[in-house]
Amino acid sequence: FVYSDSELIYVGKEYDVGRRLSGHHVATDSDYVSVVAMPQRDIHLAELFYIYRLRPRMNHEVRMSHEEN
């Protein structure tokens with residue numbers, strides 16, 4: 001989870017969080033990052049669930065498909 005000014009802006013999944021943050025275009029030095037550890041088998045569905053429920057503005061692909069329905 002990436003927060004900017006107390007707003008959730010992005011939900012993503014990664015097995016190596018340090019690598020993801022060092023090369024990712026969404027998180028900046030002023031953002032707050034929260035990590036939830038979970039079994040690898042659950043990570044994909046969890047990401048989709050949180051994007052669908054929380055609708056972060058940087059996750060366009062899922063948010064747009066939800067708005068069409």
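Phenylalanine 1 is buried in this predicted model. Its relative accessible area is 17%. The cut-off for burial is 20%, so phenylalanine 1 falls under it. The residue sits in the segment before strand S1 (2-4).

The structure holds three aromatic pairs. In one of them, phenylalanine 1 meets tyrosine 50 edge-to-face. The centres lie 5.1 Å apart, and the planes are at 75°. This pair links distant parts of the chain. Tyrosine 50 belongs to helix H2, and 49 residues separate the two partners. Unlike the buried phenylalanine 1, tyrosine 50 is partly exposed, with a relative accessible area of 29%.

Tyrosine 50 also forms an aromatic pair with phenylalanine 49. This arrangement is edge-to-face as well. Here the distance is 5.3 Å centre to centre, with 70° between the planes. Phenylalanine 49 counts as partly exposed, at 46% relative accessibility. Both angles, 75° and 70°, pass the edge-to-face limit of over 60 degrees. Phe1, Phe49 and Tyr50 form one aromatic cluster.

The sheet comes next. Three strands make up an open sheet in the order S2-S1-S3. The pairing is antiparallel. Strand S2 (7-10) and strand S3 (32-33) stand at the edges. Each has a single partner strand, so one side of each lacks a neighbour in the sheet. Between S1 and S2, the antiparallel pairing runs over three bridges. Valine 2 stands opposite tyrosine 10, a residue of S2.

Tyrosine 10 also appears in the surroundings of asparagine 59. Asparagine 59 lies in the loop between helix H2 (43-54) and helix H3 (60-68). Is this loop residue buried or exposed? Asparagine 59 is buried, with a relative accessible area of 1%. Leaving aside residues up to four places away in sequence, asparagine 59 touches Ile9, Tyr10, Val11 and Ile51. Of these, Tyr10 is the residue opposite valine 2. A polar atom of the asparagine 59 side chain lies 2.8 Å from the backbone nitrogen of valine 11. The cut-off for a polar contact is 3.5 Å, so the distance of 2.8 Å lies within it.

Two elements thus recur across these results. Helix H2 contributes tyrosine 50 to the pair with phenylalanine 1, and the loop that holds asparagine 59 lies between helix H2 and helix H3. Tyrosine 10 in S2 stands opposite valine 2, and Tyr10 is among the residues that asparagine 59 touches.

Conventions: Residues are numbered from 1 along each chain as its sequence is written. This is a predicted model: local features need pLDDT of at least 70, side-chain atom pairs count only at pLDDT 80 or more; totals for chains, interfaces and linings use all residues. Side-chain values use heavy atoms; hydrogens and water are left out. Helices (H or I, at least four residues) and strands (E, at least two) are DSSP runs, numbered from the N terminus. Buried means under 20% relative accessible area, exposed over 50%, partly exposed in between (1.4 Å probe, protein chains only). A polar contact is a pair of N or O atoms within 3.5 Å; within protein, one must be able to donate a hydrogen and the other to accept it, and residues adjacent in sequence count only if both atoms are side-chain atoms. Contact means heavy atoms within 4.5 Å. Rings of Phe, Tyr and Trp (its six-membered ring) pair if their centres lie within 6.5 Å; planes under 30 degrees apart count as stacked, over 60 as edge-to-face and the rest as tilted. Two strands pair if DSSP finds at least two bridges between them.
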